[in-house]
Amino acid sequence: MKNILFKWVIILTLVPVSIALYALKPGSEVVPDADNAGLKLPVGFGALKVAETGARARHLVVTPQGDIYVKLAKPNKEGKGILVLHEGPEGKAELKSGFGTYGGTEVYLKNGYLYASSNTEVFRYKVNDKNEVIDPDQPEKIITGLKAGRQHETKSFALDNNGNIYVNIGAWFNSCQEKDRGLHSPGIPGCPILDSMGGVWQFKINKLNQSYGDGVRYATGLRNMVGMDWNQQDNQLFVMQHGRDNLNSSWPELYTTKQSAELPAECLYALKKGDNAGWPYMYYDQIQHKKIQAPEYGGDGKKEADAKFLDPAAAYPGHMAPNGLLFYTGNQFPAKYKNGAFIAFHGSWNRAPEPQAGYFVVFQPFKNGKPDGEWEVFADGFSGSPEKTAAGRADHRPCGLAQGADGSLYVTDDSKGTIYRIIYLKK
């Protein structure tokens, strides 16, 4: 025992005070809730409810100092669109402040700035050396004038390491029909909205007041992407697309209700400049493992699409609404999770008469920057019960994902505003 204490004394005299203090705050101080916050997790993991925000919590970031920035879909009753919470030593957080008068989805911390989006603009706030926003009432406007409609309006984004920001501009159509979601309504020739929607636009991160003319249409043919992340392992943008709806209701002679519930896939795409994923002209059928021509553009459920369109990196069951994507780079979880992807599936609404599905976080293994092996459910139970899942009446709906400085995984719920933290206990 004396030898152990002597070694710790030596270590603490050789490292900076801030690091020493961090070493004296082991992860064991963060205790999971007795019921693991209602979640079902792999053996060795635990979970706790960090906070109840009471608002539609979308994406979030967690600073090394224990602050949590949460973007709200709409400003709360105090008129704040970004909440700042601070965690105590046992992992529970209290509201610290709030700022921003706009709703939206994305929030991102990088290189001395906090970035946040409304449904038409992207802002940034300078932070100090404690990652605290210096002037919350005076953000800089990086991008403005982005198009938004009554659906797929959120502007998720990701940053690379070379001064670029990549913004989702979702299409305000389901499948670019003359009558959106209409019976036998054909697709509009050429889908003219693709000039400004239905893809990813690249802008410079240090230039203010940019709009379409300042940006580059980086990738197109993507209906809507709420979950986005930059893969540091192979230096590439990955996105989760929300697949199209209404195969049976628009084309009942071609698709049964069961087929319409299962198709098309929710797809993970690895994007490079100039890629075209094919929306609205095609969708990916994860059962046939084929790119299928859309019925609005002459397809019949079997005819294959033009091979020029991008293949997905991975595909998942239809209509589960992937709203969060995070590449795990921490060291707290077992080695199999390192550099793999967590995906938050918000849950379906349109699989009836089949049971609804989703409302969970899955893990997709990766190897050398590419998906490798089958995905698995990592965290389930957000809905409250299998019956609530099947009925689509979930208590909680996972949305945003973030990694803490210690390697914990944070998950937001945009139904009741719960923030979860998942930790690994089995050493």
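In this predicted model, strand S2 and strand S3 (residues 67-72) are joined by four bridges and run in the antiparallel sense. Two of the facing pairs can be picked out by eye: valine 61 sits opposite tyrosine 69 of S3, and leucine 60 is placed across from valine 70 of S3. The two strands make a hairpin in which four residues separate S2 from S3. Within that turn, glycine 66 adopts a positive phi of about 90°. As for solvent, S2 is mostly covered, with six of its six residues buried.

This hairpin belongs to an open sheet of four strands, which follow the order S2-S3-S4-S5 with antiparallel pairing. The edges are taken by strand S2 (57-62) and strand S5 (93-99); each has a single partner strand, so one side of each lacks a neighbour in the sheet. From one strand to the next, the twist averages 25°. It may help to recall, when following the pairs on screen, that strands of a sheet pair through backbone hydrogen bonds, in either a parallel or an antiparallel way. In a regular strand, moreover, side chains alternate between the two faces of the sheet.

A further open sheet is built from four strands in the order S21-S22-S23-S26, and here too the pairing is antiparallel. Strand S21 (322-327) and strand S26 (376-379) occupy its edges, and because each has a single partner strand, one side of each is left without a neighbour in the sheet. The twist in this sheet averages 30° from one strand to the next. Five bridges connect S21 with strand S22 (residues 341-345), and the two run antiparallel. Among the residues involved is leucine 325, whose bridge partner in S22 is isoleucine 343.

Attention now turns to the cysteines. How many disulfides does a search of the whole structure find? The search returns one, formed by cysteine 176 and cysteine 191, with their sulfur atoms 2.2 Å apart. The link of cysteine 176 and cysteine 191 is right-handed, with 105° about the S-S bond. Its two ends come from distant parts of the chain, 15 residues apart, with both cysteine 176 and cysteine 191 placed in the loop between strand S11 (164-169) and strand S12 (199-204). Cysteine 176 and cysteine 191 are both buried. As a reminder, a disulfide is a covalent bond between the sulfur atoms of two cysteines.

The loop between S11 and S12 also holds proline 189. Is proline 189 buried or exposed? Its relative accessibility is 69%, so proline 189 counts as exposed, whereas the two cysteines of the disulfide are buried. Proline 189 and cysteine 176 lie 13 residues apart along the chain, and their C-alpha atoms are separated by 8.9 Å.

Why does cysteine 267 form no bond with the closest cysteine sulfur? That sulfur belongs to cysteine 191 and is 18 Å from the sulfur of cysteine 267, which is too far for a bond. Cysteine 267 has a relative accessible area of 2% and is therefore buried. The case of cysteine 399 can be read in a similar way: the closest cysteine sulfur, in cysteine 267, is 19 Å from its own, too far for a bond. Cysteine 399 counts as buried because its relative accessibility is 0%.

Finally, the interior was searched for enclosed space. Rolling a probe the size of a water molecule over the atoms shows where empty space is left. Across the whole structure, the search finds one cavity of 30 Å³ or more. The largest cavity holds about 100 Å³ of space. Its lining is made up of 14 residues, and those closest to the centre are Gln241, Gly243, Met282, Tyr283 and Tyr284. Strand S16 (266-271) and strand S18 (282-285) are the elements that contribute two or more residues to this lining. Which element gives the most to the lining of the largest cavity? It is S18, with three residues. Sorted by class, the lining of the largest cavity comprises nine nonpolar, three polar and two charged residues.

Conventions
Residues are numbered from 1 along each chain as its sequence is written. This is a predicted model: local features need pLDDT of at least 70, side-chain atom pairs count only at pLDDT 80 or more; totals for chains, interfaces and linings use all residues. Side-chain values use heavy atoms; hydrogens and water are left out. Two strands pair if DSSP finds at least two bridges between them. Axes are lines fitted to C-alpha atoms, for helices over the stretch in contact, and angles run from 0 to 180 degrees between N-to-C directions. A disulfide is a pair of cysteine sulfur atoms within 2.5 Å. Buried means under 20% relative accessible area, exposed over 50%, partly exposed in between (1.4 Å probe, protein chains only). On a 1 Å grid over the protein atoms alone, a cavity is a set of points where a 1.4 Å probe fits but cannot get out, and a pocket is an open set with protein on both sides within 12 Å along at least five of seven lines; lining residues have an atom within 4 Å of a point. Grid points are joined across faces, edges and corners, and a volume is the space filled by probe spheres set on the points. Ala, Val, Leu, Ile, Met, Phe, Trp, Tyr, Cys and Pro count as nonpolar, Asp, Glu, Lys and Arg as charged, and the others, Gly among them, as polar.
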